[in-house]
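Biologist: Please take a close look at the metal site, and then at the ring pairs in the same chain.

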Amino acid sequence: MADAITELPPVAKSFHTFCKKCDVDRYHKVLAHKTATSAKVECEVCHSKSTFTLPKAKKATTARTPRSPSANQRKSNHQSEYQELLSSLSSMEEKPYSLKAKFEIANKINHPKFGVGVVRSVQPDKIEVVFSDEVKLLIHNRP
Ligand SMILES: [Zn+2]
């Protein structure tokens, strides 16, 4: 039994793999690499050309997975920041959002699309508002 191949042999090298035409394991010469996991090969006996594909490597797929947990983490951090802001301002009245209104830090605003948010920072013509899903930059104080 030949050892299982875990990476593509270099171009021009021969390795032992199954030939469909010969219907038996034959030495195949690597003609070219097509992708990181497949190569064009030629049977050394019948000279039929075929594509050899590596069996799926477990390493490559598991190494990249821990992405979504951190995104969830960030989301829940944002949610708790939002809830804290809202509860600390629970007695404050919500102001309806409008381009022409002027807002200040810690104002609670009610946006027709994004819902209730809290102003986190203020620039002369823009406010940064924490909404339940994300922080948005909105225009305000427009003459
Ligand atoms: Zn062959």
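Modeller: Four sulfur atoms coordinate the zinc ion, the SG atoms of Cys-19, Cys-22, Cys-43 and Cys-46, at 2.1 to 2.4 Å; donors are N, O and S atoms within 2.8 Å of the metal (3.2 Å for Na, K and Ca), and water is not among the atoms, so sites may look incomplete. This is a predicted model, in which local features need pLDDT of at least 70 and side-chain atom pairs count only at pLDDT 80 or more, while totals for chains, interfaces and linings use all residues. Residues are numbered from 1 along each chain as its sequence is written, and side-chain values use heavy atoms, with hydrogens and water left out.

The angles between the 4 donor atoms run from 103 to 120 degrees, so the arrangement around the zinc ion is tetrahedral (four donors, all angles between 85 and 135 degrees). Along the sequence the donor residues follow the spacing C-x2-C-x20-C-x2-C. Cys-22 lies in the loop between β1 (14-19) and β2 (24-33), and Cys-46, 24 residues apart from it, in the loop between β3 (38-43) and β4 (49-53); strands are DSSP runs of E, at least two residues, numbered from the N terminus. Cys-46 is partly exposed because its relative accessibility is 27% (buried is under 20%, exposed over 50%, partly exposed in between, with a 1.4 Å probe and protein chains only).

As for the rings, there are 3 aromatic pairs, counted where centres lie within 6.5 Å (planes under 30 degrees apart are stacked, over 60 edge-to-face, the rest tilted). Among them, Phe-15 and Phe-52 have centres 4.8 Å apart and planes at 70 degrees, so this pair is edge-to-face. Phe-15 sits in strand β1 and Phe-52 in strand β4, 37 residues apart, and both are buried.

Methods: Four donors count as tetrahedral if all angles lie between 85 and 135 degrees; four count as square planar and six as octahedral if opposite donors are over 155 degrees apart and all others between 65 and 115; anything else is irregular. Helices (H or I, at least four residues) and strands (E, at least two) are DSSP runs, numbered from the N terminus. Rings of Phe, Tyr and Trp (its six-membered ring) pair if their centres lie within 6.5 Å; planes under 30 degrees apart count as stacked, over 60 as edge-to-face and the rest as tilted.
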